[in-house]
Amino acid sequence: MPKQVKLAAHFPGVNDTTVWSDPRSGSQIDFSSFEHLARTAERGKFDFLFLAEGLRLREHAGKILDSDVVGRPNTTTVLAALSAVTTRLGLAGTLSSTFNEPYEVARQVASIDHLSGGRAAWNVVTSPDAWTGQNFRRGGFLKREDRYRRAEEFLATVRELWDSWAPDALVGDKENGVFARGIGHFVHSGPQFDIRGEFTVPRTPQGQPIVIQAGDSDEGREFAAKTADVIFSRHGSLESGKEFFADVKRRLPAYGREPGELLIMPAATFVLGDTEEDAHEQAREIRYQQVRPATAIQFLEQVWSRDLSAYDADGPLPEIDPDPDAEPLTWGRVRHEKEPLAVAAKWRAIAEEKKLSIRELVIEVTARQQFVGTARQIAESIDEYVQSDAADGFVLVPHLTPVGLDAFVDDVVPHLQERGVFRTDYTGDTLREHLFSR
């Protein structure tokens with residue numbers, strides 16, 4: 001039997017993945033946009049909808065970068081609302097383990113699991129920047145190794161809270177007036193958290209909601225191998241996907257886990273065309289819309305830590321090197337904050353080899369895994385990744401909100417179903433059943 005493809009839909013919001021200025025693009029805030037994407041994903045029999053969440057806005061050169069996720073409603077609020085307009089689709093959201101507390105996250109995720117009938121998932125992340133900490137009363141900026149230590153105990157504590165209610169604790173004995181026995185008492189004492197009390201939410205339909213972990217670092221891979229159900233990652237090629245897949249799966253036996261107990265689902269974009277040539281032309285236009293000249297210069301400044309506004313985005317890289325000792329120009333999400341001289345040298349080599357301008361280089365180095373072609377070609381490529389053990393499935397990131405997933409569901413999903421690698425209907429009710437049923 002071929003492996004079954006797992007699919008999720010990402011609502012990306014405003015960032016360098018979307019083309020929010022396209023006339024077909026709708027609101028990033030109105031609930032109708034979230035509802036449309038969720039209903040489309042459920043019509044396509046997807047496993048889950050995925051919402052990221054940022055706890056800060058990025059600042060660049062002293063100004064707010066509005067090309068980041070701006071103004072989006074709170075993730076748990078949106079997921080709770082979506083539980084009322086969907087019946088089978090899983091509902092996954094990002095909540096930081098750095099600037100939240102286990103008790104509140106456990107209650108939020110458990111509540112969504114109850115409201116949705118067992119379809120909740122939590123994407124566990126760590127928050128890296130000190131600026132985020134200034135949004136919170138306790139501050140709390142943590143070094144990388146401390147963030148993962150906190151995250152590991154944070155997740156373990158949340159699981160203890162979810163398990164604190166016995167499966168049969170809700171008695172509902174009207175005749176004798178007994179509503180519940182064994183209400184969730186908990187005691188946790190550790191390096192990060194020292195809490196005790198009663199958890200207020202009974203055991204949920206899934207018992208343990210699905211846990212997703214995002215990260216490609218060595219710490220992130222080990223954390224996922226030990227604790228997660230799904231790892232959300234990024235890969236740019238079939239070969240790098242195979243390497244990541246093999247590396248993460250080989251870590252599982254150390255924690256008494258089987259390969260099938262952790263699903264690897266990289267983020268991926270897609271561009272559909274009537275012909276392969278048409279799809280590639282569309283993909284090129286989309287990337288140029290996503291990476292505007294100002295966006296390209298700002299991205300380069302994250303590494304150079306210099307004002308590069310005088311440079312032409314369609315010209316060559318600056319001859320001047322980054323200033324490794326300068327204060328960063330960008331605060332918030334920065335992917336290349338380490339070893340700027342080494343990063344710059346690598347980028348120079350790529351630009352020289354491929355004869356790339358600044359803008360073309362930024363498009364090159366920020367590319368996600370992308371499926372481009374006709375509906376049949378994209379279905380074949382996705383299936384190849386999964387059958388070749390480069391992934392268990394994909395979290396699809398459409399470039400248009402909220403209509404960008406429509407064509408994939410209408411045109412690509414039927415080809416996957418014809419190949420016998422994707423469900424034609426849901427066979428279970430909970431997200432755990434969707435992901436792990438045989």
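The following paragraphs describe the overall architecture of a predicted model of a protein chain, and then several individual residues within it.

The protein chain contains 14 helices and 16 strands. Its radius of gyration is 22 Å, close to the 22 Å that the globule rule gives for 438 residues, so the chain is as compact as a globular protein of that length. The C-alpha trace extends over about 80 × 55 × 45 Å along its principal axes. Of the 438 residues, 53% count as buried. The accessible surface comes to about 19900 Å², and carbon and sulfur atoms contribute 49% of that area. With regard to charge, the chain carries 51 positive and 68 negative charges, and the mean positions of these two sets are 3 Å apart.

The domain assignment divides the chain into two parts. Domain 1 is made up of residues 6-275 together with residues 369-436, whereas domain 2 covers residues 292-365. The centres of domain 1 and domain 2, taken over C-alpha atoms, are separated by 31 Å. Contacts across long stretches of sequence are a further feature of the chain: among contacts between residues at least 6 apart in sequence, 75% join residues at least 24 apart.

Several loop positions were examined for their backbone geometry. A cis peptide bond, with omega of about 0 degrees, links T401 to P402. P402 is located in the loop that runs between β16 (393-396) and α13 (406-418). The loop between α12 (375-387) and β16 holds D389, a residue that is not a glycine but has a positive phi of about 60 degrees. D389 counts as partly exposed because its relative accessibility is 34%, a value between the limits of 20% and 50%. A positive phi is also found at K45, where the angle is about 65 degrees although the residue is not a glycine. K45 belongs to the loop between α1 (31-43) and β2 (48-51).

Two further loop residues are buried. S83 is situated between α2 (75-82) and β5 (90-96). Its relative accessible area is 10%, and S83 is therefore classed as buried, the limit being under 20%. Apart from residues up to four places away in sequence, S83 touches L91, L115, S116 and R119. V201 occupies the loop between β10 (194-198) and β11 (210-214). V201 is likewise buried, because its relative accessible area of 9% falls under 20%. When neighbours within four places in sequence are left aside, the contacts of V201 are with R107, A110, S111, H114 and W165. The C-alpha atom of V201 lies 24 Å from that of L49, and these two residues are 152 residues apart along the chain.

Q192 is placed in the loop that precedes β10, between β9 (185-189) and that strand. With a relative accessible area of 32%, Q192 is partly exposed. Beyond its neighbours within four places in sequence, Q192 is in contact with R149, R150 and E153. Q192 and T157 are 35 residues apart along the chain, and their C-alpha atoms are separated by 9.9 Å.

Note on methods. Residues are numbered from 1 along each chain as its sequence is written. This is a predicted model: local features need pLDDT of at least 70, side-chain atom pairs count only at pLDDT 80 or more; totals for chains, interfaces and linings use all residues. Side-chain values use heavy atoms; hydrogens and water are left out. Helices (H or I, at least four residues) and strands (E, at least two) are DSSP runs, numbered from the N terminus. The radius of gyration is taken over C-alpha atoms; the globule rule is 2.2 Å times the number of residues to the power 0.38. Buried means under 20% relative accessible area, exposed over 50%, partly exposed in between (1.4 Å probe, protein chains only). Contact means heavy atoms within 4.5 Å. Accessible areas come from the Shrake-Rupley method with a 1.4 Å probe; for residues, only the protein chains shown count as cover. Lys and Arg count as positive and Asp and Glu as negative; His and the chain ends are not counted. The place of a charge is taken as NZ of Lys, CZ of Arg, CG of Asp or CD of Glu. Domain bounds come from an automatic or database domain assignment.
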